Amino acid sequence: MKGTILSGMRPTGKLHLGNLEGALRQWVTLQDEYKCFWMIADWHALTTSYGNAQEVKQNVLQVALDFLSAGLDPEKSAIFRQSDVKEHAELHLLLSMITPTPLLIRNPTVKEQARDMGLIGGDEEMVKINYGLLGYPVLQAADILIYKANFVPVGKDQLSHLEITREIARKFNFLYKAIFPEPQPIIGEYPLILGTDGRKMSKSYDNCIFISDSPEVIREKVGNMFTDPRRIYRSDPGHPDECPVFLYHLIYNESEISEIKEACQNAKIGCVECKRLCAEALVQRLAPIREKREKLEQSPSLIFDILGEGARKAKEVASATMEEVREAIGAW
Ligand code: TRP
Ligand code: SF4
C-alpha cells in the first residue's frame, strides 16, 4: 500500500454525474493501491442543513447506495458515516483550541458557501455565521488527521481546507508531538461535466443528472438540454465545442465522437437526433451502476451492516490516534 487516503462527501442529496466523474471513478481505482477511508460527512451536512436533519439522515442511505453502486468496495475500504465515529468530534474540539480564528474567517470556500446561501453579504460579515460553519475546516482537519491520511482526493474548491488542515497539523506537531503527517491533495484529471443548462452541475441550479436517474428520466433530461446557442435552425452549422451535449458524447460515446462532430459542424445531424444518441450512450454506460443500485436498494439492512462494519474499521484507527493525541497534549 502506498499510504492512507481519506475523503468524504456531505449527504446533501443523491450524487450526480459531476460527483461520479469528478470523484467516485477515481476513488474506485485508488482503493487498490492505498488504505482508504470513504466517509459520509453527515456532521458537515448539518453545518448548513441543521434545519433539515431528517433529510440528512435519509440522504446518508442514498449516498451509501451511490458509493457502493459506483464501485467502492467494503472489502477493500472502510466506508462509514462520520457521526458513527465520535472520535472525530473529540479531535475537532481539541484542534479548535489551537486554530486561530482569522484562519477560518479568511477561508474562501466557507465564505463562498455562506455568500451563496445568503447568510452574508460582504466578506466582513463572516463573523455573523454560526460557529459550526466557521469551524467546518477544523472538523475536516479532524476527519483527515485522525486517520493520519497522507493523501486526500478532492476538488479544487477543497484545497483551502486542506491548506488549513496542514497548518493545524504543523501547529499540533510543533506544540505537542509530531504525530500527524501533512496530507497532500490528489487532484485528478477528470472530464468536464456541465449541467443540463450548460452551467456547472449543481443541485442548487436544478440542472443535475443523478447517478440513480432511471433511463426514462435520463432521456427526458438529455432531451431538454441546452445546445449550441448559435445553432437556431436545423440547417445552421453547429459548434460542438460550445455545446454541453457534445461534452457528454466526449465522455460516454467515444466511438461516435468524430462522426458527430463532423455531422454537427455540417448540419448533417439535428440536435434532437444527436441528443437521442447521447441519452442512449449515457443510459448504456450507467447500466452496470444502475443494476447494482437496484439490487442494493432491495436490502437497506445490508447497507447499514456495511456502514457499521466500516465504522468499526475506522474506529479502530481513530481511537488509537486519539490515545496518542491525549497523551501528547498531556492534560489527562
Ligand atoms: N468538505 C467536503 C466537501 O464538501 C466533504 C468533506 C468532509 C471532506 N470532510 C472531508 C473531504 C475530509 C475530504 C476530506 O466536498
Ligand atoms: Fe450539440 Fe449535437 Fe446539436 Fe451539435 S448536433 S449543437 S453537438 S446537440
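The largest cavity of the structure encloses about 90 Å³ of space. The model analysed here is a predicted one. A search of the whole structure for cavities of 30 Å³ or more returns 1 such cavity. Its lining is formed by T227, D228, R231, G238, P240, C243, F246, I260, C264, I269, C271 and C274. Two elements, α12 and α13 (271-297), each give two or more residues to this lining. By class, the lining comprises 8 nonpolar residues, together with 2 polar and 2 charged ones.

One of the lining residues, F246, is also among the buried residues of α11. Of the 9 residues of this helix, 8 are buried, so α11 is largely enclosed by the rest of the structure. The buried set consists of P244, V245, F246, L247, Y248, H249, I251 and Y252. These residues pack against α1 (17-30), α12 and α13.

The loop that joins α11 (244-252) to α12 (257-265) contains N253. With a relative accessible area of 7%, N253 is buried, because the value falls under 20%. Beyond its neighbours within four places in sequence, the contacts of N253 are I260, L277, A281 and R285, along with Y248. I260 thus recurs in the description, as a contact of N253 and as a residue of the cavity lining. N253 also lies 9.1 Å from E280, C-alpha to C-alpha, although 27 residues separate the two in sequence.

The loop between α12 and α13 holds K268. In contrast to the buried N253, K268 is exposed, with a relative accessible area of 53%. When residues up to four places away in sequence are not counted, K268 touches R234, E262 and A263. The C-alpha atoms of K268 and S235 are 8.1 Å apart in space, and the two residues are 33 apart in sequence.

Attention turns next to the ligand. Around ligand 1 there are 14 residues, of which R10, Y136, Q140, D143 and Q158 come nearest. Three of the polar pairings involve side chains from this group. A polar side-chain atom of R10 is placed 3.2 Å from an oxygen atom of ligand 1. The side chain of Q140 has an N or O atom 3.0 Å from a nitrogen atom of the ligand. For Q158, a polar side-chain atom likewise lies 3.0 Å from a nitrogen atom of ligand 1.

D143, one of the residues that come nearest to ligand 1, is also in contact with H88. H88 belongs to helix α4 (residues 87-96). This histidine is buried, with a relative accessible area of 0%. Apart from residues up to four places away in sequence, H88 touches M39, W43, F80, Q82, L139, A142, D143, I146 and Y147.

A further buried polar side chain is that of N59, in helix α3 (residues 53-70). The relative accessible area of N59 is 14%, and the residue is therefore buried, the limit being under 20%. Outside the span of four places in sequence, N59 touches P11, T12 and G13. The contact with P11 includes a polar pair, in which a polar atom of the N59 side chain lies 3.3 Å from the backbone oxygen of P11.

Technical notes:
Residues are numbered from 1 along each chain as its sequence is written. Chains are lettered from A and ligands numbered from 1 in the order in which they are written. This is a predicted model: local features need pLDDT of at least 70, side-chain atom pairs count only at pLDDT 80 or more; totals for chains, interfaces and linings use all residues. Side-chain values use heavy atoms; hydrogens and water are left out. Helices (H or I, at least four residues) and strands (E, at least two) are DSSP runs, numbered from the N terminus. Buried means under 20% relative accessible area, exposed over 50%, partly exposed in between (1.4 Å probe, protein chains only). Contact means heavy atoms within 4.5 Å. On a 1 Å grid over the protein atoms alone, a cavity is a set of points where a 1.4 Å probe fits but cannot get out, and a pocket is an open set with protein on both sides within 12 Å along at least five of seven lines; lining residues have an atom within 4 Å of a point. Grid points are joined across faces, edges and corners, and a volume is the space filled by probe spheres set on the points. Ala, Val, Leu, Ile, Met, Phe, Trp, Tyr, Cys and Pro count as nonpolar, Asp, Glu, Lys and Arg as charged, and the others, Gly among them, as polar. A residue is near a molecule or strand if one of its heavy atoms lies within 4 Å of it. A polar contact is a pair of N or O atoms within 3.5 Å; within protein, one must be able to donate a hydrogen and the other to accept it, and residues adjacent in sequence count only if both atoms are side-chain atoms.
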